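Work through the exercises below with the model open. Each task is followed by a solution in steps.

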Amino acid sequence: MSDKNTISNSEQIMSKTEYAFEAVLDSAKKSAVSLIAVLAGYLIAMSNFVTGAAIGSKMVFMDSLKALIASDIFLVAICLSCGMIAFKFGVTTTVIARKVFGQKGSLILSVILALSVVCWLGTNGDTFAKMILHAVPGWPLAVGITAVILIFLWLQSSARGYKGLEIVSFLGVPAAVILSAWVIFSVLSNPENLENVVKFMPDGDYTFAQATTAGVGSWIFGAISSMDVIRFAKKKSHFLVGGFISFFFCLLVLQLTGVVCAQATGQTDFVSATAALGIAVPTLVCSFFALWTTQDNNIYSATMSIQNIIAETPLKGKIKHVHIAYGLAILAALFSITGALNFVLVFVSVLSVLLAPMPGLYLAEVYVVKSNSEKRKWNLWGLAAWFIAGFLGWYCNAHSILIPPIISGVAAFAAYIVFGKIFVKNQAEA
């Protein structure tokens, strides 16, 4: 009886921390429908409409299509390759990072991911609050107060763990489908709009490298963080199907909706473009749920990053998932109200170039090097491979060389293997 109670208490602790430190138990794994819904829900984001509109305003339709297909294929590859690792070990993104950077080294990634989420949560709250003020004349609340309310609404599902993500995804996915269909119908129903798309000629010379970098950059965080959801998969086929549907089909549909919207109206901003099509209010309603499905996933992944930091303190396992989620929301709300986001976003945008190499590092460690650096405090050569690949990606982007995120990922894979073969061998001989 005592043993059963001990096991039960242990499972309750793991459940309350959303399995932040250990592999997800088989009893907690989710069905294929649930997994696909949550992965697709994560992709239902305003940023994907906005990215599509931004690219579509700078390239003709076929060039936009080619660039987005290329970037989405890369994102699918990241999602599925990282998903294989998450499925194999059943742990979070940042716990896997311990294998690459060591216990202390992984905290660097945890801080970057958590801070990125705080920034984008505050930014999206502020942006959507302004949308409400423009769409609803006489709105009684200030932008800052409205943003705080939105942030705490989005928090309610992520604070409840995976189950909360699942519920909101079943609302957000249909909302995004309705919005995309409405935009396409609005364009096709007006011959003039369709003609604008066909004859659209952008100003300037936006390169393929710049477009693919924008496409990958807008969702690479999500592709990596999808590991936090995929670890709940019961079968490999579940996340393979879910990853392809979400990170290619769903993502491409949202991006192309933005492209068509921008080219039909001549507006570079997605919100302004939908207003020009006469569907500003439906866009506002659908966008609320679209943002919710993304922000709750972001908060969820950020709590996993914070738990990885807490794991190095005496508080490991003592702080519930819900409490960390509320803490992140409060921090994002403070940043949004005080305007501190203007300064932090600069910092995060610089660090974002370091996310593209992560899949290459993970794959090299798990399938080739197998250094098991999670037993060490620091893995300096793993960190060196990370920063070298990040710098190379930044350089390629600055000089429009090929597809920078792919270059960065391949460089990370190669550098980690080279360093690993040298230093792991030396450690074994020492």
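Contact here means heavy atoms within 4.5 Å. The model is a predicted one.

**Exercise 1. Describe the packing of H5 against H15.**

Step 1. Locate the elements: helix H5 covers residues 93-135 and helix H15 covers residues 321-338.

Step 2. Take the geometry. The axes of the two helices lie 8 Å apart, at an angle of about 55°. That angle makes H5 oblique to H15, because angles of 65 to 115 degrees count as roughly perpendicular and those under 35 degrees as roughly parallel.

Step 3. Give the hand: H5 and H15 cross in a right-handed sense.

Step 4. List the residues in contact. H5 contributes Val118, Leu121, Gly122 and Asp126, which meet Leu328, Ala329, Leu331, Ala332, Phe335 and Ser336 of H15.

Step 5. Sort them by class: the contact of H5 with H15 has seven nonpolar residues, two polar and one charged.

**Exercise 2. Describe the packing of H2 against H7.**

Step 1. Locate the elements: helix H2 spans 32-43 and helix H7 spans 162-188.

Step 2. Take the geometry. H2 and H7 pack with axes 8 Å apart and an angle of about 70°. H2 is therefore roughly perpendicular to H7, since the range for that term is 65 to 115 degrees.

Step 3. Give the hand: the crossing of H2 past H7 is left-handed.

Step 4. List the residues in contact. On H2 they are Val33, Ser34, Leu35, Ala37, Val38, Ala40 and Gly41, and on H7 they are Tyr162, Leu165, Glu166, Ser169, Phe170 and Val173.

Step 5. Sort them by class: the contact of H2 with H7 holds nine nonpolar, three polar and one charged residues.

**Exercise 3. Characterise the lining of the largest pocket.**

Step 1. State the volume: the largest pocket has about 1,300 Å³.

Step 2. Find the centre. Of the 47 lining residues, Thr51, Trp120, Gly217, Ser218 and Trp219 lie nearest to it.

Step 3. Ask which element gives the most to this lining. H5 does, with seven residues.

Step 4. Sort by class: the lining of the largest pocket divides into 25 nonpolar, 20 polar and two charged residues.

**Exercise 4. Do the same for the second largest pocket.**

Step 1. State the volume: the second largest pocket has about 210 Å³.

Step 2. Find the centre. Ala40, Ile44, Val173, Val177 and Cys250 lie nearest to it, out of 16 lining residues.

Step 3. Assign the elements. H2, H7 and helix H12 (236-265) each give two or more residues to this lining, and H7 has the largest share, seven residues.

Step 4. Sort by class: the lining of the second largest pocket has 14 nonpolar, two polar and no charged residues.

Key: Residues are numbered from 1 along each chain as its sequence is written. This is a predicted model: local features need pLDDT of at least 70, side-chain atom pairs count only at pLDDT 80 or more; totals for chains, interfaces and linings use all residues. Side-chain values use heavy atoms; hydrogens and water are left out. Axes are lines fitted to C-alpha atoms, for helices over the stretch in contact, and angles run from 0 to 180 degrees between N-to-C directions. Helices (H or I, at least four residues) and strands (E, at least two) are DSSP runs, numbered from the N terminus. Angles under 35 degrees count as roughly parallel, over 145 as roughly antiparallel, 65 to 115 as roughly perpendicular and the rest as oblique. A crossing is left-handed if the near helix is turned anticlockwise from the far one by less than a right angle, and right-handed if clockwise. Ala, Val, Leu, Ile, Met, Phe, Trp, Tyr, Cys and Pro count as nonpolar, Asp, Glu, Lys and Arg as charged, and the others, Gly among them, as polar. On a 1 Å grid over the protein atoms alone, a cavity is a set of points where a 1.4 Å probe fits but cannot get out, and a pocket is an open set with protein on both sides within 12 Å along at least five of seven lines; lining residues have an atom within 4 Å of a point. Grid points are joined across faces, edges and corners, and a volume is the space filled by probe spheres set on the points.
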